[in-house]
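Biologist: Hi! I'm new to this one, could you walk me through it?
Modeller: Happy to, let's bring it up.

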There are 2 protein chains.
Amino acid sequence: MALAAASAILAQQGLEALSTRKVAKAIGYTVGTLYLVFKNLDELILHLNAATLKELESMLKAESTKHPRPHEVLHGIARVYCDYAKHQRARWSLLFTHQLAPGSQVPAWFDLMVRELFAIIEAPLQAIKANTSHSERARVARALWGGVHGVCELALSDKLKWGEQVTTESVVEVLVENFLAGLGQH
Amino acid sequence: MALAAASAILAQQGLEALSTRKVAKAIGYTVGTLYLVFKNLDELILHLNAATLKELESMLKAESTKHPRPHEVLHGIARVYCDYAKHQRARWSLLFTHQLAPGSQVPAWFDLMVRELFAIIEAPLQAIKANTSHSERARVARALWGGVHGVCELALSDKLKWGEQVTTESVVEVLVENFLAGLGQH
DNA sequence: TAAATTTATTGAACAGCGTTCATAAAGTCA
DNA sequence: TGACTTTATGAACGCTGTTCAATAAATTTA
């Protein structure tokens with residue numbers, strides 16, 4: 001209930017509007033009660049982020065099966081990723097904006113979810129470049145995905161300051177296209 | 001004074017610790033006075049970000065002159081960018097974390113600074129691929145830089161979940177290397 | 001110099017935030 | 001019914017951004 005309410009607040013009122021009191025009120029309880037379910041707001045956000053990761057994962061996996069060739073798979077999931085970021089802006093932002101308190105670290109099960117997401121990208125990369133070491137494949141996947149993510153982030157927050165005929169999709173396209181072309185060359 | 005104090009707070013106590021009261025106290029004034037200088041916290045941050053952009057610009061420009069070949073220039077400034085992000089974490093984060101209130105938009109002089117930063121990246125790209133249209137060059141520069149930025153961001157906030165032998169620099173290296181290789185191919 | 005006016009500064013106030021905790025209500029079992 | 005456990009409350013604390021009438025200081029005018 002709390003997670004659904006939080007998700008709704010994010011969708012309707014944005015990142016900044018998310019607060020324990022609003023979530024509590026939305027589900028008909030008081031703040032104190034919410035703190036019996038979640039240790040603190042960070043933990044609530046963590047679980048919300050987990051749900052977001054799950055959603056993203058299923059969407060990317062679905063897209064993966066649509067294309068026969070690995071290049072198309074990567075272009076496809078990049079596009080899906082951008083779309084998700086655009087349409088679920090606040091929820092997506094929360095994934096990255098949220099930085100946990102210094103000292104504490106993300107639980108292992110969350111780490112695992114992230115790794116599984118990266119596995120979706122590593123698979124077609126493996127198909128493009130076979131016989132690469134595990135760490136090399138991880139490096140390439142993270143370079144590509146960090147890249148796609150960065151373009152989405154800057155584009156959505158309007159920080160790339162491009163002209164009008166330049167769209168987010170076309171920039172992501174350029175990034176993936178050139179990266180994969182370069183990858184095939186080596 | 002206020003900007004210097006804010007910068008110090010960011011460096012010593014991190015992003016979250018930045019508040020109008022702390023800045024005011026640090027310069028020996030009360031909150032009210034600070035609001036006579038800046039309309040609100042957003043405006044203070046805007047000016048702080050402008051200073052950050054200036055600093056970044058001069059560092060990237062300095063690095064640009066160090067290398068004769070455009071490939072080396074781009075690798076060099078990518079490295080400088082990562083270093084800056086790593087060592088001035090909070091200030092750098094503030095550049096991107098900070099999202100202005102809905103409706104209002106960044107002033108024109110700030111936009112111009114961003115465009116000038118991108119010009120530093122567009123120059124070596126122009127050398128690599130001459131005879132490309134203005135908008136195409138803008139697209140390529142933003143794809144590359146969005147990418148480098150994304151890798152830095154995810155790496156610094158520890159969200160890429162790679163193994164231990166994978167460093168931030170090596171991932172950025174992979175991204176730039178492959179992108180430029182692909183660019184040369186087309 | 002004295003008064004008038006402008007400028008600079010204050011500090012209290014408001015609403016909201018995350019978080020805690022003694023208190024109270026509701027449910028369970030003997 | 002009484003004892004015990006679970007569930008929920010709401011007031012409180014210290015923090016946040018922001019505003020604004022009141023005050024102090026500096027400057028200008030008479």
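Biologist: At what angle do helix H5 and helix H7 of chain B pack?
Modeller: Helix H5 (residues 70–87) and helix H7 (residues 108–128) of chain B pack at about 155 degrees, and their axes are 8 Å apart. Axes here are lines fitted to C-alpha atoms, for helices over the stretch in contact, and angles run from 0 to 180 degrees between N-to-C directions. That angle makes H5(B) roughly antiparallel to H7(B); angles under 35 degrees count as roughly parallel, over 145 as roughly antiparallel, 65 to 115 as roughly perpendicular and the rest as oblique.

Biologist: Before we go on, what kind of model is this?
Modeller: This is a predicted model, where local features need pLDDT of at least 70 and side-chain atom pairs count only at pLDDT 80 or more, while totals for chains, interfaces and linings use all residues. Residues are numbered from 1 along each chain as its sequence is written, chains are lettered from A and ligands numbered from 1 in the order in which they are written, and side-chain values use heavy atoms, with hydrogens and water left out.

Biologist: Thanks! Back to chain B: which residues make the contact of H5(B) with H7(B)?
Modeller: H5(B) brings Pro70(B), His71(B), Val73(B), Leu74(B) and Ile77(B). H7(B) brings Ile120(B), Ile121(B), Pro124(B), Leu125(B), Ala127(B) and Ile128(B). Contact means heavy atoms within 4.5 Å.

Biologist: How do they divide into nonpolar, polar and charged?
Modeller: There are 10 nonpolar, 1 polar and no charged residues in that contact. Ala, Val, Leu, Ile, Met, Phe, Trp, Tyr, Cys and Pro count as nonpolar, Asp, Glu, Lys and Arg as charged, and the others, Gly among them, as polar.

Biologist: Switching to chain A, how many helices and strands are there?
Modeller: Chain A has 9 helices and 0 strands. Helices (H or I, at least four residues) and strands (E, at least two) are DSSP runs, numbered from the N terminus. The C-alpha atoms of chain A fill a box of roughly 60 × 40 × 35 Å along the principal axes.

Biologist: How do H1(A) and H4(A) cross?
Modeller: Helix H1 (residues 2–13) and helix H4 (residues 41–64) of chain A cross at roughly 80 degrees, with axes that come within 10 Å. That makes H1(A) roughly perpendicular to H4(A). The contact is made by Leu3(A), Ala6(A), Ser7(A) and Leu10(A) of H1(A), together with Leu44(A), His47(A) and Leu48(A) of H4(A). By class, these are 5 nonpolar, 2 polar and no charged residues.

Biologist: And what angle do H5(A) and H9(A) pack at?
Modeller: Helix H5 (residues 70–87) and helix H9 (residues 168–185) of chain A pack at about 150 degrees, with axes 10 Å apart. That makes H5(A) roughly antiparallel to H9(A). Residues in the contact include His71(A) and Lys86(A) of H5(A), and Glu169(A) and Glu173(A) of H9(A). By class, the contact of H5(A) with H9(A) has 6 nonpolar, 2 polar and 5 charged residues.

Biologist: Now the DNA. Which residues come nearest to strand C?
Modeller: Of the 16 residues around DNA strand C, Arg21(A), Tyr35(A), Leu41(A), Thr30(B) and Leu36(B) come nearest. A residue is near a strand if one of its heavy atoms lies within 4 Å of it.

Biologist: What does Arg21(A) reach there?
Modeller: An N or O atom in the side chain of Arg21(A) is 2.5 Å from a base nitrogen of DNA strand C. Tyr35(A) has a polar side-chain atom 2.7 Å from a phosphate oxygen of that strand, and for the side chain of Ser19(A) the distance from an N or O atom to a phosphate oxygen is 3.1 Å.

Biologist: How about strand D, which residues are closest?
Modeller: DNA strand D is surrounded by 16 residues, and the closest are Thr30(A), Thr20(B), Arg21(B), Tyr35(B) and Leu41(B). A side-chain N or O atom of Thr20(B) is 2.8 Å from a phosphate oxygen of DNA strand D, while Leu41(B) places a backbone N or O atom 2.7 Å from a phosphate oxygen.

Biologist: Which atoms of strand D are within 4 Å of the protein, sugar or phosphate or bases?
Modeller: Of those atoms, 50% belong to sugar or phosphate and the rest to bases. For DNA strand C, 56% of the atoms within 4 Å of the protein belong to sugar or phosphate.

Notes
Polar contact = N/O pair within 3.5 Å; in protein donor to acceptor, adjacent residues only side chain to side chain.
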